[in-house]
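Subject: A structure for you to look at

Hi there,

I am handing over the structure we talked about, and I hope you enjoy exploring it. Have a look first, and then read on for what turned up.

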Amino acid sequence: MTPRSARPSAAPEDQPHVLLISGIGGHPPAAALDSLSRIGPAVSVVHIAAWGDPEPVRADWAARGLRGEFLTAADLDDAVAVGLALHERYPLSGVVTYSELLLRPQAELAERLGLPGNTPEAVGIAQSKSRQRQVFAEHGVPSPRFAEIRAEADLAGAARDIGLPAVFKPSLGAGSQSVRLVRTYEELLAAYRDGRATVSAFLQSEDVFLLEERLELEADGDSGWAAYCSVESLLAAGERHHLAVSDRIELRHGYAEEGASMPSRLDPAVQAAAVDCADRAIRAIGLTTGAVHTEIALTPLGPRVIEVNARAGGPMPVMFEVGAGYDYAEQIGRSALGLAPGAMPEFGRTALMRMVPIPAGEWLVTAQTPVPELLAAFPELVYVRPRFGPGQSVSRDRTLHLATFMLGAPSPAAALELADRVERALGIELAEAAARPEPALARAT
């Protein structure tokens, strides 16, 4: 695909010129452009068109009157080539992305241009759960026991070494897709074959799966929370800043994520131990720049790293804004320029993001409450995003969640109670896909 410039380059040389790589996932481009424009008016975009039409993003960029260029690229490698050519015309000061799937071209551009950023090697480790586990073992970072699976012939040995039940997952993946608890060899075999057949959104591949020791993550007693958390960090100007610990909502539908809340309700000593564990993992991988989202299991033997992600967790920029009025996306952009954070978050309320999983099986959505009614009934809501409408079929084989919403509340307990009320008010009703809508309905919750 030939890169297309939306307007000529023009900006004073003393203003930083930031390049945003967009195309799929992560913080929405429109919101990212708002945040980056607070750093300066020179913001260019390379949008990878492999996943969809770039024109809506181009329109968002043009509407803001930013200096720079809007360019399209065919794929990850082309994004690097387009970025290098842009730098020849209009030197870049930093490269940023908010998407897991776009970290590689960001790292390659930063390295080739001598700009602040994580090395491609560190990003490669962060994107590979297999390589993470190996690095953690070498550096003594506590994490689950694991076995690599590269072929069907490896399954029996992995099951013997790790024991069953265990957790099966792809090494390269995001959003808990294809992650399963397997109790028997037959379930492990089925998970492996399904995983091999799954088409990933990544435009790179790693034909490796993991079988991991099962950690009791699903629930922290009867608290309504899961027995794991995440540490949200910002790496900038040679320093690691751990900004917040986020609690996770109890898992009731396998390993489909159910949401997060910040700031944490955990005891300060537990939070400090989780932060220390995350810090050790980040150092072991070699990350130095930008956002890091580290998931930590809270076990009776202490914290253990589930995984490290070299980007902000999906909803975290908005959660920081709701809970602390903190522009996390802007601070990530500053980090890409080699700048120290302009501020640290100070929380005045709790932000909670709820993800409503699809129950196992094949379903037909028969009813749900219109979004305007929900927003009117619950002023605490920041947004509500149903993923399906009445008459549509849904299955966890295609996507994991029926809807997501975010809210603000005075405390974690109040946020969790409010989320339960909003979830009931969603009014999502499901019928078995093979049946007519008239029979008894199965509630999504």
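Let me start with a pair of helices: α3 passes α4 in a right-handed crossing. Please keep in mind throughout that this is a predicted model. Helix α3 covers residues 76-89 and helix α4 covers residues 103-113; they pack at an angle of about 35 degrees, and their axes are 9 Å apart. On the α3 side, the contact is made by Leu76, Asp77, Ala79, Val80, Gly83, Leu84 and His87. Helix α4 contributes Arg104, Pro105, Glu108, Leu109, Arg112 and Leu113.

Next, the open sheet. Eight strands make it up, and if you walk across them the order is β13-β12-β9-β10-β11-β14-β18-β16, with antiparallel pairing. At the edges you will find β13 (302-309) and β16 (381-386); each has a single partner strand, so one side of each is left without a neighbour in the sheet. From one strand to the next, the twist averages 25 degrees. Helix α10 (residues 316-324) packs on this sheet, where it touches several strands, including β9, β10, β11 and β14. The direction of α10 makes about 35 degrees with that of β11.

Inside the sheet, β11 (residues 259-262) pairs with β14 in the antiparallel sense over 4 bridges, and serine 261 stands opposite leucine 352 of β14. Valine 356 also belongs to β14, which spans residues 350-357. Is valine 356 buried or exposed? Its relative accessibility is 1%, and buried means under 20%, so valine 356 counts as buried. The C-alpha atoms of valine 356 and isoleucine 428 are separated by 10.0 Å, with the two positions 72 residues apart along the chain.

Another strand worth a look is β5 (residues 146-149), where the side chains alternate. Ala147 and Ile149 point to one face and are buried, whereas Phe146 and Glu148 point to the other and are not. Strand β5 is joined to β8 (residues 209-213) by 4 bridges, and the two run antiparallel. Opposite glutamate 148 you will see leucine 210 of β8.

Now for the aromatic residues, which form 6 aromatic pairs in the structure. In one of them, phenylalanine 168 and phenylalanine 209 are stacked, at 5.2 Å centre to centre and 15 degrees between the planes. This pair links distant parts of the chain: phenylalanine 168 is in strand β6 (residues 166-170) and phenylalanine 209 is in β8, 41 residues apart. Both of these phenylalanines are buried. Elsewhere, Phe320, Tyr326, Tyr328 and Phe347 form one aromatic cluster. You can also find the charged end of arginine 385 over the ring of tyrosine 383, 3.7 Å from its centre.

Finally, some backbone details in the loops. Leucine 164 and proline 165 are joined by a cis peptide bond, with omega about 5 degrees; proline 165 is in the loop between α7 (155-162) and β6. The bond from methionine 262 to proline 263 is cis as well, with omega near 0 degrees, and proline 263 lies in the loop between β11 and α9 (268-285). In the loop between β9 and β10 sits alanine 237, which has a positive phi of about 50 degrees although it is not a glycine. With a relative accessibility of 46%, alanine 237 counts as partly exposed.

Happy exploring, and best wishes!

Notes
Residues numbered from 1 in each chain as written. Predicted model: local features only at pLDDT ≥ 70, side-chain atom pairs only at ≥ 80, totals over all residues. Heavy atoms only, no water. Buried < 20%, exposed > 50% of the residue type's maximum accessible area, 1.4 Å probe, protein only. Pairing = 2+ DSSP bridges. Phe/Tyr/Trp six-rings, centres within 6.5 Å; stacked < 30°, edge-to-face > 60°. Lys NZ or Arg CZ within 6 Å of the ring centre and 35° of its normal. Axes fitted to C-alpha atoms, helices over the stretch in contact; angles between N-to-C directions. Left-handed = near helix turned anticlockwise from the far one by under 90°. Contact = heavy atoms within 4.5 Å.
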